[in-house]
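Good morning, and thank you for making time for this presentation. I shall go from the chain as a whole to a few individual residues.

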Amino acid sequence: MTKNIPVFSNCFTASAWVRPESVAAWGTILDSRTGVNAGLGLEISNAVSFTTSGGSSYSRRYSTSNLTVGSWVHVTAVYNGTQKQVFLNGTLNSSVAYSTALLPPTAPFVLGDRGATNVVANSKFRVTMDD
């Protein structure tokens with residue numbers, strides 16, 4: 001699913017209920033990257049990966065817990081202008097200081113697959129998702 005979201009700021013939250021069918025390879029929950037250095041991504045490869053980019057700055061934050069195949073989990077990624085945080089089932093799982101201004105994505109937000117970059121083959125998420 002592709003959706004243009006016209007408003008973007010340096011503070012945002014992205015979340016989804018997911019039930020991975022596999023965690024052996026990269027699976028994309030949400031993506032708006034137009035290249036390595038622009039946009040954001042929320043992916044799973046055993047753990048949750050929350051990627052943000054601001055020009056020449058690229059940052060990836062992983063959850064400290066791996067996901068379980070076949071189990072529902074509520075995944076939330078938060079950027080508040082000073083920290084990147086990953087929450088699993090409403091509990092803070094991982095955080096890191098990050099204050100780089102983010103570039104607004106120029107690509108649409110895509111659910112379940114990489115958007116414009118598609119730099120990882122077979123990045124379609126084998127998962128059930130819910131809002």
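**From a turn residue to the core**

Let me begin with a single residue: N89 is partly exposed, because its relative accessible area is 48%. Please keep in mind throughout that the model is predicted. N89 sits in the loop between β8 and β9. Its phi is positive, at about 50°, although N89 is not a glycine. I shall return to that turn once the strands around it have been introduced.

Consider now the chain as a whole. The protein chain contains 11 strands and 0 helices. Read from the N terminus, its elements therefore run β-β-β-β-β-β-β-β-β-β-β. Of its 131 residues, 44% count as buried. The chain exposes about 6,500 Å², and carbon and sulfur atoms supply 52% of that area. As for contacts with a separation of 6 or more, 57% are accounted for by residues 24 or more positions apart.

I turn next to strand β2, which covers residues 12-20. In a regular strand, side chains alternate between the two faces of the sheet. Which residues of β2 form the covered face, and which the uncovered one? The covered face consists of F12, A14, A16, V18 and P20, while T13, S15, W17 and R19 make up the uncovered face.

The partner of β2 to consider is strand β7, residues 73-79. The two strands run antiparallel and are joined by 7 bridges. Within that pairing, A14 has A77 of β7 as its bridge partner.

Strand β7 also pairs with β8: 5 bridges join these two strands, again in an antiparallel arrangement. Here V75 stands opposite L88 of β8. β7 and β8 form a hairpin with 3 residues between them, and G81 in that turn has a positive phi of about 95°.

From β8 we continue to β9. These strands run antiparallel as well, joined by 6 bridges. K84 has V96 in β9 as its bridge partner. Together β8 and β9 form a hairpin with 2 residues between them, and the turn is where we meet N89 again, with its positive phi of about 50°.

Let us now look at the interior. In soluble globular proteins, nonpolar side chains tend to be buried together. How many residues does the largest nonpolar core have in this model? The number is 20, and the residues with the most contacts inside the core are V18, I29, L42, V48, F50, V75 and L88. Strands β2, β3 (27-31), β4 (38-45), β5 (47-54), β7 and β8 (83-88) each supply at least two residues of this core. Two residues from that list, V75 and L88, are the ones that stand opposite each other in the pairing of β7 with β8.

The aromatic residues deserve separate attention. A search of the whole structure finds 3 aromatic pairs. One of them is formed by F12 and F50, which meet edge-to-face, with 6.0 Å from centre to centre and 90° between the planes. This pair links distant parts of the chain, since F12 belongs to strand β2 and F50 to strand β5, 38 residues apart. Are these two residues buried or exposed? F12 is buried, with a relative accessible area of 14%, and F50 is buried too, at 1%.

F12 takes part in another pair, with Y79. Their ring centres are 6.1 Å apart and their planes lie at 45°, so this pair is tilted. Because F12 lies in strand β2 and Y79 in strand β7, the pair ties together parts that are 67 residues apart in sequence. Y79 counts as buried, at 1% relative accessibility. Ring pairs link F12, F50, Y79 and Y98 into a cluster.

I close with another asparagine, N93, which is found in strand β9, residues 91-97. Why does N93 count as buried? Its relative accessibility is 18%, and buried means under 20%. What does its side chain reach? The side chain of N93 reaches the backbone nitrogen of T64 at 2.5 Å. Leaving aside residues up to four places away in sequence, N93 touches S63, T64, S65, V86, F87 and L88. Of these, L88 is also among the residues with the most contacts inside the largest nonpolar core.

Conventions. Residues are numbered from 1 along each chain as its sequence is written. This is a predicted model: local features need pLDDT of at least 70, side-chain atom pairs count only at pLDDT 80 or more; totals for chains, interfaces and linings use all residues. Side-chain values use heavy atoms; hydrogens and water are left out. Buried means under 20% relative accessible area, exposed over 50%, partly exposed in between (1.4 Å probe, protein chains only). Helices (H or I, at least four residues) and strands (E, at least two) are DSSP runs, numbered from the N terminus. Two strands pair if DSSP finds at least two bridges between them. A nonpolar core is a set of buried Ala, Val, Leu, Ile, Met, Phe, Trp, Tyr and Cys residues joined through side-chain atoms within 4.5 Å. A polar contact is a pair of N or O atoms within 3.5 Å; within protein, one must be able to donate a hydrogen and the other to accept it, and residues adjacent in sequence count only if both atoms are side-chain atoms. Contact means heavy atoms within 4.5 Å. Accessible areas come from the Shrake-Rupley method with a 1.4 Å probe; for residues, only the protein chains shown count as cover. Rings of Phe, Tyr and Trp (its six-membered ring) pair if their centres lie within 6.5 Å; planes under 30 degrees apart count as stacked, over 60 as edge-to-face and the rest as tilted.
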